[in-house]
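Please take a moment to look over the sequence and the model, and then follow the text from one helix to the next.

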Amino acid sequence: MHNDQCAAHLRWHLEDIDFSSTDTARMRVRDDIFLLVCSASFVESGAETYAHNLVDYFTGDTEVGEWLSERWKVEELQHGRALKTYVQHVWPEFDWDSAYADFFAEYAKLCTCDELEPTRAQELVARCIVEMGTTTYYQTLNAVLDEPVLRDITWRIRADEVQHYKHFYSYFLKYQQQENLRRPHVIATLWRRAAELRKGDADIALRHAAAWRFRGCRQAPAYAAIQKQVYELMGAQYPMDMVVRMALKPLQLNARLQRWAERPIAAVARRVLLR
Ligand SMILES: [Fe+2]
Ligand SMILES: [Fe+2]
């Protein structure tokens with residue numbers, strides 16, 4: 001399907017966002033919000049490279065392949081474009097393209113086929129964790145914001161990420177049966193990917209966004225201080241119950257076991273994600 005035809009099937013379009021009504025003066029002074037939005041725009045815009053590897057990995061499965069290239073990739077790229085447009089609207093002096101090029105040079109090295117899980121079912125567990133990460137990220141960002149245009153964008157993106165999670169989860173169920181994937185393998189993938197959430201692409205993106213934002217500033221804040229500030233802002237609102245529910249879902253525990261597991265898992269997740 002051609003890209004224009006794909007765009008017609010999206011739940012929303014960039015043109016639906018009224019960037020002109022942004023409260024620019026209020027947002028310009030918020031370095032923390034800049035970094036959260038800009039770093040997210042980098043990761044979303046990098047979806048093209050990752051999508052290519054993923055589509056290759058599912059060669060022969062037309063249903064997954066078509067959904068990945070006609071919906072998932074197109075939606076992730078639109079997330080990147082919406083966030084980029086917002087950054088450029090509020091901080092027009094920021095050289096997004098150069099900053100993104102720097103980010104991409106480092107990020108592309110991570111996006112190799114070696115990064116994929118050993119089986120399709122396990123890769124789909126990994127994708128569920130990534131979509132859990134994005135869903136909760138945009139939900140939190142939405143909760144800490146008081147600027148209506150950015151709230152609108154983050155809520156639309158959040159809704160897409162929930163749908164991505166649901167799709168990957170239903171494909172996981174299909175492959176889990178085919179591969180007869182046992183729970184210890186699911187746990188191993190969940191664990192590995194959850195631990196990586198903090199260290200991976202989000203951190204690279206944040207580092208490059210900060211480096212370009214404070215370029216040439218005599219009183220540029222230390223990166224560790226910036227990182228602490230944004231994690232504290234997000235940490236206060238992070239929906240840990242949702243993180244845990246979405247992370248545990250691929251284990252398909254019965255209700256009693258799930259209730260029993262939620263508290264200790266939430267404590268671990270808090271340490272891993274909000275350290
Ligand atoms: Fe996204
Ligand atoms: Fe997504």
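Two residues are said to be in contact if their C-beta atoms, placed from the backbone, lie within 7 Å. With that in mind, one can ask what covers the buried residues of helix α10, and the answer includes α3, α6 and α11, the last of these running over 223–235. The model is a predicted one, and the description that follows should be read in that light.

Let us stay with α10 for a while. The buried residues in α10 are D201, I204, A205, L206, H208, A209, A210 and R213. The helix has 13 residues, which at 1.5 Å a residue should span 18 Å, and its end C-alpha atoms are indeed 18 Å apart, so the expected span and the one in the model agree.

One residue of this helix deserves a closer look. A209 lies in α10, which covers residues 201–213, and A209 counts as buried because 27 other C-beta atoms are found within 10 Å, where 20 or more are needed for that label. Which residues does A209 contact, once its neighbours within four places in sequence are left aside? They are L35, C38, S39, F42 and A99. The chain also brings A209 and F103 to a C-alpha to C-alpha distance of 8.2 Å, although 106 residues separate them in sequence.

The next step is the packing of α10 with another helix. Helix α6, made of residues 96–110, packs with α10 at an angle of about 155°, and their axes are 9 Å apart. That angle makes α6 roughly antiparallel to α10, since angles over 145 degrees are counted in this way. The crossing of these two helices, α6 and α10, is right-handed. On the side of α6, the residues that take part are S98, A99, D102, F103, E106, Y107 and L110, and they meet D201, I204, A205, H208, A209 and W212 in α10. Sorted by class, this contact of α6 with α10 holds 8 nonpolar, 2 polar and 3 charged residues.

We can now turn to α3, which was named among the elements that cover α10. Helix α3 spans residues 31–45 and helix α5 spans residues 62–90, and their axes come within 8 Å and cross at roughly 150°. In this pair, α3 passes α5 in a left-handed crossing. The residues that make the contact are V37, C38, A40, S41, E44 and S45 of α3, together with E76, L77, H79, G80, L83, K84, Y86 and V87 of α5. Of the residues in this contact of α3 with α5, 7 are nonpolar, 4 are polar and 3 are charged. Helix α3 is mostly covered, with 13 of its 15 residues buried. At 1.5 Å a residue, those 15 residues should span 21 Å, and the end C-alpha atoms of α3 lie 21 Å apart, which agrees.

A third pair of helices can be read in the same manner. Helix α7, residues 120–144, and helix α12, residues 240–248, pack at an angle of about 160° with their axes 9 Å apart, and this makes α7 roughly antiparallel to α12. The crossing in which α7 passes α12 is right-handed. I129, M132, T135 and T136 of α7 form the contact with M242, V243, M246 and A247 of α12, and by class these residues divide into 6 nonpolar, 2 polar and no charged. In α7, 21 of the 25 residues are buried, so this helix is largely enclosed by the rest of the structure. The 25 residues of α7 should span 36 Å at 1.5 Å a residue, and its end C-alpha atoms are 36 Å apart, in agreement.

Finally, some exposed residues may be considered. N180 sits in the loop between α8 (148–179) and α9 (183–199), and N180 has a positive phi of about 55° although it is not a glycine. N180 is exposed, because 7 other C-beta atoms lie within 10 Å, and the label applies at 12 or fewer. Q252, placed in the loop between α12 and α13 (255–274), likewise is not a glycine and has a positive phi, here of about 45°; with 12 other C-beta atoms within 10 Å, Q252 is exposed. P148, found in helix α8, is exposed with 12 other C-beta atoms within 10 Å. The C-alpha atoms of P148 and S21 are separated by 8.5 Å, with their positions 127 residues apart along the chain.

Definitions and conventions
Residues numbered from 1 in each chain as written. Chains lettered and ligands numbered in written order. Predicted model: local features only at pLDDT ≥ 70, side-chain atom pairs only at ≥ 80, totals over all residues. Axes fitted to C-alpha atoms, helices over the stretch in contact; angles between N-to-C directions. Helix = DSSP H or I, 4+ residues; strand = E, 2+ residues; numbered from the N terminus. Left-handed = near helix turned anticlockwise from the far one by under 90°. Nonpolar A, V, L, I, M, F, W, Y, C, P; charged D, E, K, R; others polar. Expected span 1.5 Å × (residues − 1). Parallel < 35°, antiparallel > 145°, perpendicular 65-115°, else oblique.
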